[in-house]
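Please open the model in a viewer and follow the stops below in order. Each stop proposes a selection and then describes what is found there.

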Amino acid sequence: MGADALFKTPLHALHAGLGAHMAPFAGYDMPINYPAGVLAEHLHTRKEAGLFDVSHMGQAEIAGPDHATLAAFLETLCPADILNLAPGRQRYTQFLNERGGIIDDLMVARPPRADGALRLVVNAARKAVDLALLAERLPAAMRLTPLADAALIALQGPRAAETLARLAPSEGIETMPFMSAKPARIADLEIFISRSGYTGEDGYEVSLPAAQAETFARLILSQPGVAPIGLGARDSLRLEAGLCLYGHDLDETTDPIEAALTWSIQKRRRVAGGFPGAGRIAHALANGPARLRVGIRPDGRAPAREGTDIVAPEGAKIGVVTSGGFGPSVGAPVAMGYVERSHADIGTTVNLVVRGKRLPARIVPPPFYPHHYYRG
Amino acid sequence: MAEIRYTKDHEYIRVEGDEGVVGISDYAQKQLGDVVFAEPPPVGRKLNAGEAAAVVESVKAASDVFAPVSGEVVAVNSEVESSPGIINEDALGRGWLFRIKLANRDDLSALMDEAAYADYLKTLD
């Protein structure tokens, strides 16, 4: 696909002006890194604050007659408890197929005071699939509105809260707990903000009209300690945080139990089911999955990339790496992958086959770098 | 004065007598970004020109380093294994990867000199 065929986010000109190295990602021409480079951008985000353009992601609103009716509909597609999602709260879940495989993973936010409105954020590469699924299943009394004209900008890192609070002192942004969401006003711009992200750091994701995105981004970038961060560092940050990347760690052949996302299926749903693949998932919950997503720490310095075979010490293949690389904050290689459950216990020694050599590694619990979420 | 030659894959070899010091060019280290891992070949390994000899990896990706000439590895830079970032800081100096004893000096004639390599870089976007 030529560069002309790629979509551009509302911040495309800003990235070019900042000297970004651009490359295609999920059909968009996206900044992979800026002149500082992936390593410096990664470390900056952990120490100060990083601004990420994630406008390629899909945003949509669904509306229904009331929350219970709308939640009942969404619960036919995903295994999270949406009914008990309180106003002003956000939840992570997955759209599932009939085999319990993951069609996409997403965030669902219920705006404060909303009784019959939810906001969704889905993966860029899956938004067409997700919107088609929603449109096909949507009951007549409900409405799906893709927010195609909305930008999404993440501000992540220990200085994210003070930065936004400085610009909007009376909006209560600093005291928002992790996974809360609400509309707010920052420097005369109307935004929808959630305290969440994809780095393991404290931070926010801000949705706002495309026409105002560059003004907002430039204002944030002018604040002390804020630097632009590309998708390269976004990937190494989420890997260290043990967060899954759709199309790599999750796909239609993986279910949430083997993906170690059981925490995202609340008890009411585990008991009552009623979502696609509920039977297979109940079976996996009762008997344990055949394979499990685990964290892997190579003993040496060689990174094990996606697709690396994982073998038992006696030589049999027991799994495969789905995300792997060097963790700049860990200062060592880190990886995630699926292994047979008999080899999934913490501390188990496995071998990674890198360029024909068997390199020793250990199964460890993710995250590789501690989360710094603001719990209030 | 030691002569330096480059490959189209951006390896360099600095010829010193019947041996050469091999690494990746400054252009290559810039393209790769922050190097976080480097694995030179073992001493004693016999390489054919064009054969994958070493590996350098950035945060994002792994790249093979190909032998610019045929010969035997006579020394490796252990400093790049412990501090791979020196490849970014000084690719042509402290960031060298290995030393090779040339099997055939004629191999050098297939490589570009400094001026030809500079012209070649201009042809790449």
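**Chain A as a whole**

Begin by selecting chain A, which contains nine helices and 19 strands. Its radius of gyration is 21 Å, close to the 21 Å given by the globule rule for 376 residues, so chain A is as compact as a globular protein of that length. Measured out along its principal axes, the C-alpha trace of chain A spans about 65 × 50 × 45 Å. Please keep in mind throughout that this is a predicted model.

**The six-stranded sheet of chain A**

Next, select strands β10, β11, β12, β9, β3 and β13 of chain A. In that order they form an open sheet of six strands, and the pairing is mixed. Which strands lie at the edges? They are β10 and β13 (226-228) of chain A, each of which pairs on one side only. On average, neighbouring strands of this sheet are turned by 30° against each other, direction ignored.

Add helix α5 of chain A, residues 160-167, to the selection. This helix packs on the sheet and touches β3, β9 (150-156), β10, β12 (203-209) and β13 of chain A. The direction of α5(A) makes about 125° with that of β9(A).

**Two pairings within that sheet**

At the β13 edge, select strand β3 of chain A, residues 49-53, together with β13(A). The two strands run parallel and are joined by three bridges. Within this pair, A49(A) stands opposite V226(A) in β13(A).

Now move to the β10 edge and select residues 181-186 and 189-194 of chain A, which are strands β10 and β11. These strands run antiparallel, with six bridges between them. A184(A) is placed opposite I191(A), a residue of β11(A). As a general point for viewing side chains here, in a regular strand they alternate between the two faces of the sheet.

β10(A) and β11(A) form a hairpin with two residues between them. Select A187(A), which is found in the loop between these strands. What is notable about its phi? The phi of A187(A) is near 50°, a positive value in a residue other than glycine.

**A pair of helices in chain A**

Select helix α2 (residues 38-47) and helix α7 (residues 231-240) of chain A. The helices pack at an angle of about 55°, and their axes are 8 Å apart. Because of that angle, α2(A) is oblique to α7(A). The crossing in which α2(A) passes α7(A) is right-handed.

To see the contact itself, display the following residues:

- From α2(A): V38(A), E41(A), H42(A) and T45(A).
- From α7(A): G232(A), A233(A), S236(A) and L237(A).

By class, this contact has three nonpolar, four polar and one charged residues.

**A cis peptide bond**

Select P366(A) and P367(A). The peptide bond from P366(A) to P367(A) is cis, with omega near 0°. P367(A) lies in the segment after β19 (357-364) of chain A.

**Chain B as a whole**

Turn now to chain B, which has four helices and ten strands. Along the sequence, these elements follow the pattern β-β-β-α-β-β-β-β-β-α-α-β-β-α. The radius of gyration of chain B is 13 Å, close to the 14 Å that the globule rule gives for 125 residues, so chain B is as compact as a globular protein of that length. Taken along the principal axes, the C-alpha atoms of chain B fill a box of roughly 35 × 35 × 25 Å.

**The three-stranded sheet of chain B**

Select strands β4, β6 and β7 of chain B. They form an open sheet in the order β4-β6-β7, with antiparallel pairing. The edge strands are β4 (35-39) and β7 (62-66) of chain B, and each pairs on one side only. Neighbouring strands of this sheet are turned by 25° against each other on average, direction ignored.

Within the sheet, β6 (residues 52-58) of chain B pairs with β7(B) over five bridges in the antiparallel sense. One position to label is A54(B), whose bridge partner in β7(B) is V65(B).

**Where the chains meet**

Finally, display both chains together. How many residues of chain B are in contact with chain A? Ten residues of chain B are in contact with 14 residues of chain A. On the chain B side, β4 and β6 each supply at least two residues. β4(B) gives the most, with three residues. By class, the side of chain B that touches chain A has five nonpolar, one polar and four charged residues.

Conventions
Residues are numbered from 1 along each chain as its sequence is written. Chains are lettered from A and ligands numbered from 1 in the order in which they are written. This is a predicted model: local features need pLDDT of at least 70, side-chain atom pairs count only at pLDDT 80 or more; totals for chains, interfaces and linings use all residues. Axes are lines fitted to C-alpha atoms, for helices over the stretch in contact, and angles run from 0 to 180 degrees between N-to-C directions. Angles under 35 degrees count as roughly parallel, over 145 as roughly antiparallel, 65 to 115 as roughly perpendicular and the rest as oblique. A crossing is left-handed if the near helix is turned anticlockwise from the far one by less than a right angle, and right-handed if clockwise. Two residues are in contact if their C-beta atoms, placed from the backbone, lie within 7 Å. Ala, Val, Leu, Ile, Met, Phe, Trp, Tyr, Cys and Pro count as nonpolar, Asp, Glu, Lys and Arg as charged, and the others, Gly among them, as polar. Two strands pair if DSSP finds at least two bridges between them. The radius of gyration is taken over C-alpha atoms; the globule rule is 2.2 Å times the number of residues to the power 0.38.
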